Amino acid sequence: MRATDGLDDLVHIDDSRGVFKVSRRSFTDPRVFEAERKAIFDKCWLYIGHESEVEKRGQFHLRSAGGRELIFNRDLNGKVNAFLNACPHRGARLCTARDGSVRTFFCYYHGWTFTTDGALHILPDREVFPETFNDDGSANMVAVPRLEHYRGLYFVCFDKDAVSLSDYLGAAKPYLDLCLDQGEAGMEVVEGTHDYASSANWKLLSENSVDGNHLSSLHSTYLDYVKTVNPPPVQPQDGASKPTPGYQRDLGNGHTVAEYAVPWGRVAGKWWPAWGEETKPEIEAAYQRLAKRVGAEKADRIANYSRNLLIFPNLAIVDGTGLTLRTIEPSATDYMKVKAYALAEKGESETARRLRLSAFVEFLGPGGLATPDDVDALQQCQKSYDMSAGMPLWNDLSKGSLQAKDWPFDHEGTVRCFWREWGRRIHAHKP
Ligand code: FES
Ligand SMILES: [Fe+2]
């Protein structure tokens, strides 16, 4: 017990009694914020982008991970990189445009210029520098210690000794596959990003992204709309065997998933009336192609089920009507920045793309039918935490905790998976 560093006893678990509580100080205490930067964001693999976003040589995007601004690019030799967006000379931001295509990175402050693989290329007044200048590469752009990808999803890690990305993702990989297998010709991120912020702690959105427990209360408006468009029950299209209608599962390392049969449409191959009769043949044909390619059982699972997947700590994949990748970046104890990208089948029909993008905006967009509800609820939580300073208050996450694994969809198993890992890392951290 370290009584003075403020990091002890933030997550209180007693499995034998089904007790699972999180101190509200986890969302407000600057010492916790500082500790999670080191214990979590400097140690875990963090998603930065998809290969399709840097398909062309020279292409780059600014991304942010663990409080650092990065240039995610494909260099002119074809290699994908992630560099700190800071000039090695005196630290000016190298790129100020959020994306684009370049042949070199030019620092406008004193004119140092770098090739797209990060090497110092033009050093003004080279002759007044020692002959040996940059022999050690310290005047090149700074690459992140680790950059790896899983089937085109790129992650960085600031811990050079971390396990491989593949090992880190572990049991989450088959669920990522259910998302990535949706495109016959592969997947791509559609241009255009949801980019918003919320006055709440980042963990509130990580846990919310996989929390089935809030659906019926917070999103009742949307669910009422779904019921009017498409009354239950939902039948599988081909009679293939179905997994349970909905469950939550621990995938290890803090990763977790909620998977459930959906009453709404799925661009991957489940039509619903809200899309109009005219779209039915196309969506059904998409399902048939999917079944032919991956088999009836997997096609049923891909098309008729949604998945909310959390890759610890801050990548949420919402495989709903379409597919959304959401990153959650902490800025302060009470402020987070959120980005969401639509991941889509490459070469899909115009109808499919239209339906997908409508869903991207209508349900999960910052002005959609769900996200504003979530953002408001999270901000109200944060407000209450901030306005109960010094009170020893705890969040209760025990719904369904007497069951060891595979919780029903509306329990709090996924949320506990997140917090168990968060607590493990924070409690082990030595400031
Ligand atoms: S800070 Fe970039 S060239 Fe000086
Ligand atoms: Fe929600």
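**Exercise 1. Decide whether His219 is buried or exposed.**

Let's start with one residue of this predicted model.
Step 1: His219 has a relative accessibility of 3%.
Step 2: The cut-off for buried is under 20%.
Step 3: His219 therefore counts as buried.
Now try the same reasoning on His214: with 13% relative accessibility, His214 is buried as well.

**Exercise 2. Find what coordinates the iron ion (ligand 2), and describe the arrangement of the donor atoms.**

Step 1: Look for the donors. His214 and His219 each offer their NE2 atom, and Asp374 appears twice, through OD atoms.
Step 2: Check the distances, which run from 2.1 to 2.4 Å.
Step 3: Place the donors along the chain. Their spacing reads H-x4-H-x154-D.
Step 4: Turn to the angles. The four donor atoms subtend 56 to 147° at the iron ion (ligand 2). Four donors count as tetrahedral if all angles lie between 85 and 135 degrees. With angles of 56 to 147°, the arrangement is irregular.

**Exercise 3. Describe the protein chain as a whole, and work out how its radius of gyration compares with the globule rule.**

Step 1: Take stock of the secondary structure: there are 11 helices and 21 strands.
Step 2: Compare the radius of gyration, 23 Å, with the 22 Å that the globule rule gives for 431 residues. The two values are close, so the chain is as compact as a globular protein of that length.
Step 3: Add the extent of the C-alpha trace, which spans about 75 × 60 × 35 Å along the principal axes.
Step 4: Look at burial and contacts. Of the 431 residues, 54% count as buried. Among contacts with a separation of 6 or more, 65% are between residues 24 or more positions apart.
Step 5: Finish with the surface. The accessible surface comes to about 19000 Å², and carbon and sulfur atoms hold 51% of this area.

**Exercise 4. Classify the ring pair of Tyr260 and Phe409, and say which parts of the chain the pair ties together.**

Step 1: The structure holds 19 aromatic pairs. In the pair of Tyr260 and Phe409, the centres are 4.4 Å apart and the planes are at 45°, a tilted pair.
Step 2: Tyr260 sits in strand S15 (residues 256-261), while Phe409 belongs to the loop between strand S21 (407-408) and helix H11 (413-428), so the pair ties together parts 149 residues apart in sequence.
Step 3: Check burial. Tyr260, at 10% relative accessibility, is buried, and so is Phe409, at 19%.
Step 4: For contrast, take Phe418 and Trp419: with centres 5.3 Å apart and planes at 90°, this pair is edge-to-face. Both residues are buried. They also belong to a cluster linked by ring pairs, including Phe27, Phe41 and Trp202.

How values were computed:
Residues numbered from 1 in each chain as written. Chains lettered and ligands numbered in written order. Predicted model: local features only at pLDDT ≥ 70, side-chain atom pairs only at ≥ 80, totals over all residues. Heavy atoms only, no water. Donors = N, O, S within 2.8 Å, 3.2 Å for Na, K, Ca; no water. Tetrahedral: all angles 85-135°; square planar, octahedral: opposite > 155°, others 65-115°. Buried < 20%, exposed > 50% of the residue type's maximum accessible area, 1.4 Å probe, protein only. Helix = DSSP H or I, 4+ residues; strand = E, 2+ residues; numbered from the N terminus. Rg over C-alpha atoms; globule rule 2.2 N^0.38 Å. Contact = heavy atoms within 4.5 Å. Areas by Shrake-Rupley, 256 points an atom, 1.4 Å probe, with all protein chains shown as cover. Phe/Tyr/Trp six-rings, centres within 6.5 Å; stacked < 30°, edge-to-face > 60°.
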